[in-house]
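Hi,

Here is the structure I said I would pass on. Have a look, and my notes follow below.

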Amino acid sequence: MRYLFYVLLIVFMFVSCGEETIPKPKGQLRLEYPEATYGLLKGSCPFSFSVNDKVKVKAKEVCSFELHYPKMKATVYLTYKPVVDNNIDDLLKDAQKLTYDHVIKADDILEQPYINKQKKVYGMFYEVGGNAATNAQFYVTDSTKNFVVGSLYFYAKPNYDSILPAADYVKNDIRKIMETIVWE
């Protein structure tokens, strides 16, 4: 019996001795997107703007568009509304309400005003942080005739950390739209 104990002890010592086990670091997903190149989107609408060439543009109602990012499962919805009968306050309230309806799920909402007096473009870019349904919303207007509102949506569960690289890519495109819009 004692002999069996010593044999098992020696076998255990040889088996247990070896290289120290080191946990592997967590893998991180590396997403790379192609560098954006822009072209002018102009039609019969009273405005034009630069859009990423990788985007599939789908015209909807009069002067409303869906900008599809198929590899990212994302869409930017753009809607044009004319300013009539001095309804600019109502249009602004609707755009702000659309953004702040997401405050329940959002961690924060960062407002970034945009003003270009030369081109008469005034707007607001909203970055929505957290697991909200949208990560970015914006509006631009000339405050007298034209108003465009847009929202970014992903067709995936809103997990902020997972979609952050794609959201950042599309947010740059949205900023480009705001910076390049020209009223006709």
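Let's start with K60, which is partly exposed at 43% relative accessibility (buried is under 20% relative accessible area, exposed over 50%, partly exposed in between, with a 1.4 Å probe and protein chains only). Its salt-bridge partner is E66, with the closest N and O atoms 3.8 Å apart; E66 is buried, at 12%. A salt bridge here is a side-chain nitrogen of Lys or Arg within 4 Å of a carboxyl oxygen of Asp or Glu.

Before you go on: this is a predicted model, where local features need pLDDT of at least 70 and side-chain atom pairs count only at pLDDT 80 or more, while totals for chains, interfaces and linings use all residues. Residues are numbered from 1 along each chain as its sequence is written, and side-chain values use heavy atoms, leaving out hydrogens and water.

Searching the whole structure gives four salt bridges. E127 and K171 form one at 3.2 Å, N to O. Both E127 and K171 are buried, and a salt-bridge network links them with R175.

Then there is E184, whose side chain meets that of K42 in a salt bridge (3.3 Å, N to O). E184 is exposed at 53%, and K42 is exposed too, at 52%.

E184 also makes a side-chain polar contact with S48 at 3.3 Å (a pair of N or O atoms within 3.5 Å; within protein, one must be able to donate a hydrogen and the other to accept it, and residues adjacent in sequence count only if both atoms are side-chain atoms). S48 itself is buried, at 5%.

Cheers
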